[in-house]
Amino acid sequence: MNPAPNLILIGPMGAGKTCIGRRLAERFTLDFVDADQAIVDSTGASIPAIFEHSGEAGFRQHERQVLHGLLDGHGQLISTGGGAVLDPDNRAAIARRGFVVYLRVSVPAQLDRLARDRGRPLLQRPDREQVLHEMAAARDPLYQSLADLTLDTDLYTPAEATAQLVLRLAAQWQRQETPE
């Protein structure tokens, strides 16, 4: 058992962190928090607007601030943005404050799932597949180093992935309650 106050989902875009995360949060009676939505809420700007005005570096600053604030809480399922693991301080905080589930997805599955998505700034290029391969090469080792549990989501519907995770989490994660 690995006790932790929060359940944290990491992985690339298109892995199912938000969809599966909502289902898992309900199943484990956790508060669901989408870190990207929390950034939008705190800044009052969309993620594409943040990238446009502040660049990726500016976005990552907002991400770090918001994520560290979220990680101070308890009883949450936090769905992180795909690049949150790039920051060493984020990785340390994630490892310290949560049981980490890596939702892995292949590049072909990402291309299929994100085919109509036009809201992801890092994919607003004609070479989407190459970009996804480059991100996977850089980020996969970071995801793997943080993961307490890994699930490949390619072959599962969100409901099936959730069912798999419920069984595995019941055996591997002990929710750490907040000290009163």
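## Salt bridges, strand pairing and helix packing

The side chains of E56 and R60 meet in a salt bridge at 3.0 Å, N to O, where the term stands for a side-chain nitrogen of Lys or Arg within 4 Å of a carboxyl oxygen of Asp or Glu. The model is a predicted one, in which local features need pLDDT of at least 70 and side-chain atom pairs count only at pLDDT 80 or more, while totals for chains, interfaces and linings use all residues. Residues are numbered from 1 along each chain as its sequence is written, and side-chain values rest on heavy atoms, with hydrogens and water left out.

E56 and R60 are 4 residues apart in helix α3, and are therefore separated by about one helical turn; helices here are DSSP runs of H or I with at least four residues, strands are runs of E with at least two, and both are numbered from the N terminus. R60 also meets the side chain of E63 in a salt bridge (2.9 Å, N to O), and these two residues, both in α3, lie 3 residues apart, about one turn of the helix. E56, R60 and E63 are thus linked in a network of salt bridges. Within this network, E56 counts as partly exposed at 32% relative accessibility, whereas R60 counts as buried at 13% and E63 counts as buried at 4%; buried means under 20% relative accessible area, exposed means over 50%, and partly exposed lies in between, with a 1.4 Å probe and protein chains only.

A search of the whole structure finds 4 salt bridges, including the three tabulated here.

| Pair | N to O distance |
|---|---|
| E56 and R60 | 3.0 Å |
| E63 and R60 | 2.9 Å |
| D152 and R104 | 2.6 Å |

The side chains of D152 and R104 meet at 2.6 Å, and because D152 lies in strand β6 and R104 in strand β5, the pair ties together parts that are 48 residues apart in sequence. Both residues are partly exposed, D152 at 42% relative accessibility and R104 with a relative accessible area of 27%.

Strand β5 (residues 99-104) is mostly covered, with 5 of its 6 residues buried. β5 pairs with strand β6 (residues 149-152) in the parallel sense over 4 bridges, pairing being assigned if DSSP finds at least two bridges between two strands, and in this arrangement Y102 stands opposite T150 in β6. Strand β2 (residues 6-10) likewise pairs with β5 in the parallel sense over 4 bridges, with L9 standing opposite V101 in β5.

Q110 is found in helix α5 (residues 107-113) and is buried, with a relative accessible area of 3%. Leaving aside residues up to four places away in sequence, Q110 touches P12, M13, V105 and L132, a contact being heavy atoms within 4.5 Å.

Helix α3 (residues 47-71) also packs against helix α2 (residues 35-43), at an angle of about 110 degrees and with the axes 9 Å apart; axes are lines fitted to C-alpha atoms, for helices over the stretch in contact, and angles run from 0 to 180 degrees between N-to-C directions. The two helices are therefore roughly perpendicular to each other, a description that covers angles of 65 to 115 degrees, with those under 35 roughly parallel, those over 145 roughly antiparallel and the rest oblique. On the α2 side the contact is made by A35, D36, A38, I39, V40, S42 and T43, and on the α3 side by I47, I50, F59, H62, E63, V66 and L70.
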